[in-house]
Amino acid sequence: MTTKGILASALVLAASGILSAAEKETPVYELRTYYAAAGRLDDLSARFRDHTLALFEKHGLTNIGYWTPLDNTDNVLIYLLVFPSREAREKAWKEFSADPQWQEAKKQSEANGKLVTKVESVQLEATDYSPEIKPSVAEKRVFELRTYTASPGNLDRLNARFRDHTVSLFKRHGIDQFGYWNPLEGQAGAGEKLIYLLTHASPEAAQASFDAFRADPDWIAARKASEEAAGGPLTVKDGVKSVFMKATDYSPTR
């Protein structure tokens, strides 16, 4: 092989390596839901406020936001983390779990019994139309966590409708958008769910905005066209879930 050919091959290999590294560095978000034991939600929040958040940051678990539902009959705490990659996530959780400070904080907080009865976790990737996702503080607002379950084979069409129509129409009607995600391969809901987070001045303001959005002729046309192309609705029956939440006092996003 000529010198020129060797250099060309080296450049190709180098480029391949760069691309592989870039693929590995796709940010991974983790949405976690904790079900607190009866009467222990305040104790759980105290442990996060006084210990867990700082220890997360120490070990590379970046805090985005912490919320509790407005109607919190299940004693739930919901929070969002971000990591540089799946590999970084595995390493960070392993190191955090082994930290003596965390082990002591956990032991002391559970002297009267466990604080958490169940944990749900899903790893996510941001959609290509999601706004930049980062902690933010604004005037008093409520958050709305929405989960859509796409009808079989229609998640790409659902994402396309958001990308091409819904995002801009939400803006038109005063619906502020925090982030959009799909579960990663191997996670619950992979290939069928869209999870996104909105903010509103209040639940009543959210209702008014959505009423205006749903009545918008551009939305009606976009929905009709997308459903005609798919041969039916893009979500399954009862496939849209909504939870209104408030940020905790220790949340980086409020």
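These are my notebook entries on the pockets, the cavity, one strand and a few single residues of this predicted model.

**Ground rules.** I number residues from 1 along each chain as its sequence is written, and I leave hydrogens and water out of side-chain values, which use heavy atoms. The model is predicted, so I ask for pLDDT of at least 70 for local features and 80 or more for side-chain atom pairs, while totals for chains, interfaces and linings use all residues.

**Entry 1: the largest pocket.** I began with empty space. Rolling a probe the size of a water molecule over the atoms shows where such space is left. The search runs on a 1 Å grid over the protein atoms alone. A pocket is an open set of points with protein on both sides within 12 Å along at least five of seven lines. A cavity is a set where a 1.4 Å probe fits but cannot get out. Lining residues have an atom within 4 Å of a point. Points are joined across faces, edges and corners, and a volume is the space filled by probe spheres set on them.

The largest pocket holds about 500 Å³. I noted 22 lining residues, with Leu-31, Thr-33, Glu-120, Leu-145 and Thr-147 closest to the centre. Next I looked up which elements give two or more residues to this lining: they are β1 (28-36), β3 (76-83), β4 (116-126), β5 (142-150), β7 (193-200) and β8 (235-247). Strands here are DSSP runs of E, at least two residues, and helices are runs of H or I, at least four, numbered from the N terminus. By class I got 10 nonpolar, seven polar and five charged residues. Nonpolar means Ala, Val, Leu, Ile, Met, Phe, Trp, Tyr, Cys and Pro; charged means Asp, Glu, Lys and Arg; the others, Gly among them, are polar.

**Entry 2: the second largest pocket.** This one has about 310 Å³ of space. I found 18 residues in its lining, and Tyr-148, Arg-161, Trp-219, Arg-223 and Val-240 lie nearest the centre. At least two residues each come from β5, α5 (155-172), α6 (203-215), α7 (217-230) and β8. Helix α5 gives the most, with four. The classes are 11 nonpolar, two polar and five charged.

**Entry 3: the cavity.** How many cavities of 30 Å³ or more does the whole structure have? I found one. Its volume is about 50 Å³. Its lining is Leu-31, Trp-67, Ile-78, Leu-80, Leu-124, Leu-145, Trp-181, Ile-195, Leu-197 and Met-245. Strands β3 and β7 are the elements that give two or more of these. I counted 10 nonpolar residues, no polar and no charged.

**Entry 4: Met-245.** I followed one residue of the cavity lining, Met-245, which lies in strand β8. Is Met-245 buried or exposed? It counts as buried because its relative accessibility is 1%; buried means under 20% relative accessible area, exposed over 50%, partly exposed in between (1.4 Å probe, protein chains only). The C-alpha atoms of Met-245 and Leu-70 are 5.0 Å apart, though 175 residues separate them along the chain. I then listed contacts (heavy atoms within 4.5 Å). Beyond four places in sequence, Met-245 touches nine residues by name: Trp-67, Thr-68, Pro-69, Leu-70, Ile-78, Val-142, Phe-143, Leu-145 and Leu-197.

**Entry 5: strand β5.** I checked cover along β5, and nine of its nine residues are buried. One side carries Val-142, Glu-144, Arg-146, Tyr-148 and Ala-150. The other has Phe-143, Leu-145, Thr-147 and Thr-149. Then I looked up the partners; a pair needs at least two DSSP bridges. Strand β5 runs antiparallel to β7, with eight bridges, and Thr-147 stands opposite Ile-195 there. It also pairs with β8 in the antiparallel sense over seven bridges. Arg-146 has Ser-242 of β8 as its bridge partner.

**Entry 6: positive phi.** Most residues other than glycine have a negative phi. I noted Asn-75, with a positive phi near 55°, in the loop between β2 (62-69) and β3. Asn-75 is partly exposed at 24% relative accessible area. Asp-238 also has a positive phi, about 60°. It lies in strand β8 and is exposed, at 60%.

**Entry 7: Thr-52.** Last, I opened helix α2 (residues 41-58), where Thr-52 lies. Thr-52 is buried, with a relative accessible area of 2%. Outside four places in sequence, Thr-52 is in contact with Arg-47, Phe-96 and Trp-102.
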